Amino acid sequence: MGWHKEYGPRGLVVVGIHSPEFSHEHSLENVKNACKELGIEFPVAQDNDFATWKRYGTRYWPTLHIIDKKGVIQYTRFGEGGYDEMEEVIQRLLEE
């Protein structure tokens, strides 16, 4: 999923929100190290109190939301997969 690099120049902004599932994931240093090891180059916010998780009604890891430039959720995916469909939504929104 290289959308950050591919579509960033066209206006896509990717932001990760890390809501820890396990106790060791509460450590900011551990999250920073994991992002570095995984080559994650987009910003990742730490959501230890699950405020963002609750705000968006999240119930599963992972959950991906595609939000348009007006702040409206245009697509939500629970779990892995669906990448072609998500990319189509991204492309459509970037054309608007």
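**Surface patch, ring cluster and salt bridges**

Val13, Val15 and Ile17 come together as a nonpolar surface patch, and their joint accessible area is about 280 Å². Areas here are Shrake-Rupley values with a 1.4 Å probe, and for residues only the protein chains shown count as cover. A patch takes in residues with over 30% relative accessible area and no salt bridge, joining like charges within 9 Å and nonpolar side chains (Val, Leu, Ile, Met, Phe, Trp, Tyr) within 5 Å. The model is predicted, so local features need pLDDT of at least 70 and side-chain atom pairs count only at pLDDT 80 or more, while totals for chains, interfaces and linings use all residues. Residues are numbered from 1 along each chain as its sequence is written, and side-chain values use heavy atoms, with hydrogens and water left out.

Val13 sits in the loop between α1 (3–7) and β1 (16–18); helices (H or I, at least four residues) and strands (E, at least two) are DSSP runs, numbered from the N terminus. With a relative accessible area of 66%, Val13 is exposed, on a scale where buried means under 20%, exposed over 50% and partly exposed anything in between (1.4 Å probe, protein chains only).

Ile66, by contrast, is buried at 10% relative accessible area and belongs to strand β3 (residues 63–67). The C-alpha atoms of Ile66 and Val13 are 10.0 Å apart in space, with the two positions 53 residues apart in sequence. Setting aside neighbours within four places in sequence, Ile66 has contacts (heavy atoms within 4.5 Å) with Val72, Ile73, Gln74, Tyr75, Met86, Val89, Ile90 and Leu93. For Asn30 in helix α2 (residues 28–38), the C-alpha distance to Val13 is 24 Å at a sequence separation of 17 residues. Asn30 is partly exposed, at 37% relative accessibility.

On to the rings. Phe, Tyr and Trp (its six-membered ring) pair if ring centres lie within 6.5 Å, with planes under 30 degrees apart called stacked, over 60 edge-to-face and the rest tilted. Five aromatic pairs turn up by this rule. Phe50 and Trp61 make an edge-to-face pair, because their ring centres are 6.5 Å apart and their planes stand at 85°. Phe50 is in the loop between β2 (44–46) and α3 (51–55) and Trp61 in the loop between α3 and β3, so this pair ties together parts that are eleven residues apart in sequence. Trp61 also pairs with Trp53; the centres are 4.6 Å apart and the planes at 40°, so that pair is tilted. Ring pairs thus link Phe50, Trp53 and Trp61 into a cluster. Within it, Phe50 is buried at 18% and Trp53 is buried at 14%, whereas Trp61 is partly exposed at 42% relative accessibility.

Charged groups come next. Arg55 lies over the face of Tyr56, 5.4 Å from the ring centre (the test: NZ of Lys or CZ of Arg within 6 Å of the ring centre and within 35 degrees of the ring normal). There are two salt bridges, each a side-chain nitrogen of Lys or Arg within 4 Å of a carboxyl oxygen of Asp or Glu. In one, the closest N and O atoms of Glu41 and Lys5 are 3.7 Å apart. That pair links distant parts of the chain, with Glu41 in the loop between α2 and β2 and Lys5 in helix α1, 36 residues apart. Both residues, Glu41 and Lys5, are exposed. Arg92 bridges to Glu96 with a closest N–O distance of 3.4 Å; Arg92 is partly exposed at 38%, and Glu96 is exposed at 55%.
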